[in-house]
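Biologist: I am new to this structure, and I would like to understand the reasons behind the terms used for it. Could we go through them together, one at a time?

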Amino acid sequence: MVKGEWSFFFGETPTSKPSNQFEFSTDVYLRKAASGNASSIALLKKGECVLIESIQLAEGYVWGKQKRTDGSFAYIALGEWQAYGKYI
């Protein structure tokens, strides 16, 4: 599993910085862990926006980590990971 801040994966330019906000193009489950097998907390609908605290890679997906109002964390699959190499 690889973890990092938003800018590690999506970069920054000198004139702008990432907003950490993500808008869904399809319905996605909010989960208790960064795994497709983890229990779902909610179904987020297409067009909804969430704030992403950090990013990690697991099970072939890029997962966004979201801090919940109760202080716990939830995870959202943001898309499939397409690597141009491998970790060795």
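Modeller: Let us begin in the middle of the sheet pairing, where Leu-30 stands opposite Ile-76 in β8. Please keep in mind that this is a predicted model.

Biologist: What makes β3 and β8 a pair of strands?

Modeller: Two strands pair if at least two bridges are found between them, and β3 is joined to strand β8, residues 73–80, by 2 bridges in the antiparallel sense. The count therefore meets the cut-off of at least two, and the two strands are called paired. Strand β3, residues 28–31, also pairs with strand β4, residues 40–44, which is antiparallel to it over 4 bridges, and there Leu-30 stands opposite Ala-42.

Biologist: How do these strands fit into the order of the whole chain, and how many helices and strands are there?

Modeller: The chain has 1 helix and 8 strands, and from the N terminus on they follow the order β-α-β-β-β-β-β-β-β. Buried residues account for 31% of the 88 residues.

Biologist: Why is Ile-76 called buried?

Modeller: Ile-76, which lies in strand β8, has a relative accessible area of 0%. Buried means under 20%, so Ile-76 is counted as buried. Leaving out residues up to four places away in sequence, Ile-76 touches a set of residues that includes Phe-24, Val-28, Leu-30, Val-50, Trp-63 and Gln-66.

Biologist: Gln-66 appears in that set; is Gln-66 buried or exposed?

Modeller: Gln-66 lies in strand β7, and its relative accessibility of 12% is under the 20% cut-off, so Gln-66 counts as buried. Apart from neighbours within four places in sequence, its contacts include Leu-30, Val-50, Leu-51, Phe-73 and Ile-76. Leu-30, for its part, is in contact with residues among them Ser-39, Ala-42, Leu-44, Gln-66, Arg-68 and Ile-76, again leaving aside neighbours within four places in sequence.

Biologist: What makes the largest nonpolar core a core, and which residues belong to it?

Modeller: A nonpolar core is a set of buried residues of certain kinds, Ala, Val, Leu, Ile and Phe among them, joined through side-chain atoms within 4.5 Å. The largest such core has 12 residues in all, including Phe-24, Val-28, Leu-30, Leu-44, Val-50, Ile-55 and Ile-76. At least two residues of this core come from each of β3, β6 (54–58) and β8, and β8 gives the most, with 3 residues.

Biologist: How do you know that β6 is covered on both faces?

Modeller: In a regular strand the side chains alternate between the two faces of the sheet. In β6, Ser-54, Gln-56 and Ala-58 are on one side and Ile-55 and Leu-57 on the other, and these are all buried. With 5 of its 5 residues buried, β6 is described as mostly covered. β6 also pairs with β7 in the antiparallel sense over 5 bridges, and Ser-54 stands opposite Lys-65 in β7.

Biologist: What makes Glu-59 worth pointing out?

Modeller: Most residues other than glycine have a negative phi. Glu-59, although it is not a glycine, has a positive phi of about 55 degrees. Glu-59 is placed in the loop between β6 and β7, in a hairpin with 2 residues between the strands.

Biologist: Why is Glu-59 called partly exposed?

Modeller: Its relative accessibility is 48%, and partly exposed covers values between the buried cut-off of under 20% and the exposed cut-off of over 50%, so Glu-59 counts as partly exposed. By the same reasoning Gln-21, which is found in strand β2, counts as partly exposed at 45%. The C-alpha atoms of Gln-21 and Leu-51 are separated by 4.5 Å, although these residues are 30 apart along the chain.

Biologist: Which residues lie nearest the centre of the largest pocket?

Modeller: Val-28, Tyr-61, Ala-77, Leu-78 and Gly-79 lie nearest its centre, out of 14 lining residues. The elements that give two or more residues to this lining are β2 (21–23), β3, β7 (61–67) and β8, and the volume of the pocket is about 210 Å³.

Note on methods:
Residues are numbered from 1 along each chain as its sequence is written. This is a predicted model: local features need pLDDT of at least 70, side-chain atom pairs count only at pLDDT 80 or more; totals for chains, interfaces and linings use all residues. Side-chain values use heavy atoms; hydrogens and water are left out. Buried means under 20% relative accessible area, exposed over 50%, partly exposed in between (1.4 Å probe, protein chains only). Contact means heavy atoms within 4.5 Å. On a 1 Å grid over the protein atoms alone, a cavity is a set of points where a 1.4 Å probe fits but cannot get out, and a pocket is an open set with protein on both sides within 12 Å along at least five of seven lines; lining residues have an atom within 4 Å of a point. Grid points are joined across faces, edges and corners, and a volume is the space filled by probe spheres set on the points.
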